[in-house]
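Reader: Could you take a close look at a single part of this one for me? Pick the part, go through it carefully, and then show me how the rest is put together around it.

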Amino acid sequence: VLKVPLDYLMVVGAALTAYFLRFHTALLQDARPVQVVIPLHDYVRWSFLYATLGVSIFALLHLYSLQNRKRFFDELFTVVAGASWGILGGVFIMFFAREFIASRFILVALWALSIIFVMLGRTVIRAAMWVSLRRGKGIISVVLIGNSPHSALLADEFRRHKGYGYRVMAQHVAYTPECERALTLLHKEHGISQLFVLDADM
């Protein structure tokens, strides 16, 4: 839940950082003098619009799925793709708002800074989640069903790596009436989030 507002704030922060780098950094101004200065109040309004666009694209790319916990590099790739699509949207905004055409540097800086800022925020959340999971909070309760060798391997993987966020509540070799009654009782007492069926014959 925190990822949506955090991503939004990070994208706005990236946009504002790109603005001040372009218009308030002596080194850049000496290398490429500013021809047209974008009024800050207009740029801030544009930044909010861009951040809304960026978060919407992230949502379409399933970055906010509660059950889809991406690995770091998978998440990075998705953020890069989302930022790239966001920049394309920014180009359209520049096309219709001509005062931004003079600041192409902002688009390049915004693309890079959006990726850096969003991943920085998500790394902080990932670290906080890891600490929380190590303490037993926010864990997804699962039940494994099947007599496949993968069942034992997966159970061992979940037990050894608590940072994945899964706790194996029970294991059953087959889905039988007895298994169904046991799962019903277990769900009433502790709650079950997911069932993993690991038998190709089932």
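Author: Some vocabulary first: helices and strands here are DSSP runs numbered from the N terminus, with H or I over at least four residues for a helix and E over at least two for a strand. With that, the order along the sequence is α-α-α-α-α-β-α-β-α-β, built from seven helices and three strands. Keep in mind that this is a predicted model, where local features need pLDDT of at least 70, side-chain atom pairs count only at pLDDT 80 or more, and totals for chains, interfaces and linings use all residues. Residues are numbered from 1 along each chain as its sequence is written, and side-chain values use heavy atoms, leaving out hydrogens and water.

The part I'd zoom in on is the one with the strands, starting from its rings. Rings of Phe, Tyr and Trp (for Trp, the six-membered ring) pair when their centres lie within 6.5 Å; planes under 30 degrees apart are stacked, over 60 edge-to-face, and the rest tilted. By that test the whole structure holds eight aromatic pairs. One of them joins Phe 158 to Tyr 166: it is stacked, at 4.8 Å centre to centre with 25° between the planes. Both Phe 158 and Tyr 166 are buried, and buried means under 20% relative accessible area, with exposed over 50% and partly exposed in between (1.4 Å probe, protein chains only).

Tyr 166 also pairs with Phe 196, and that pair is edge-to-face because the ring centres are 6.2 Å apart and the planes sit at 80°. This one reaches across the chain: Tyr 166 belongs to strand S2 (residues 166-172) and Phe 196 to strand S3 (residues 194-197), 30 residues apart. Tyr 166 has a relative accessible area of 17%, so it counts as buried, while Phe 196, at 22%, is partly exposed.

Now for strand S1 (residues 140-145), which holds Ser 141. Ser 141 is buried because its relative accessibility is 11%. Contact, from here on, means heavy atoms within 4.5 Å. Beyond residues up to four places away in sequence, Ser 141 touches Arg 167, Met 169, Gly 191, Ile 192, Ser 193 and Gln 194.

Next comes Leu 183, in helix H7 (residues 177-189). At 8% relative accessibility, Leu 183 is buried too. Leaving aside neighbours within four places in sequence, Leu 183 contacts Val 143, Ile 145, His 172, Tyr 175, Ile 192 and Leu 195. For a distance to check on your screen, the C-alpha atoms of Leu 183 and Leu 195 are 9.9 Å apart, with their positions 12 residues apart along the chain.

Away from the strands, there's another group of rings: Tyr 19, Phe 20, Tyr 43, Trp 46 and Tyr 50 are linked by ring pairs into a cluster. Some of these residues turn up again where two helices meet. Two packed helices are described by the angle between their axes and the distance between the axes. Helix H1 (residues 3-23) and helix H3 (residues 40-60) have axes that come within 9 Å and cross at roughly 140°. Those axes are lines fitted to C-alpha atoms, over the stretch in contact for helices, and angles run from 0 to 180 degrees between N-to-C directions. H1 and H3 are therefore oblique to each other; under 35 degrees would be roughly parallel, over 145 roughly antiparallel, 65 to 115 roughly perpendicular, and the rest is oblique. Residues making the contact include Val 4, Tyr 8, Tyr 19 and Phe 20 of H1, and Leu 40, Tyr 43, Tyr 50 and Phe 58 of H3.

Helix H1 has another residue to click on, Thr 17. Thr 17 is partly exposed, at 27% relative accessibility, and touches Leu 113 and Phe 117, not counting residues up to four places away in sequence. Thr 17 and Ser 114 are 97 residues apart in sequence, yet 9.8 Å apart in space, C-alpha to C-alpha.

The loop between H3 and H4 is worth a stop as well, and His 62 lies in it. His 62 has phi near 65°, a positive value in a residue other than glycine, and is exposed, with a relative accessible area of 52%.

Finally, the overall picture: buried residues make up 35% of the 202 residues. Among contacts with a separation of 6 or more, 75% come from residues 24 or more positions apart.
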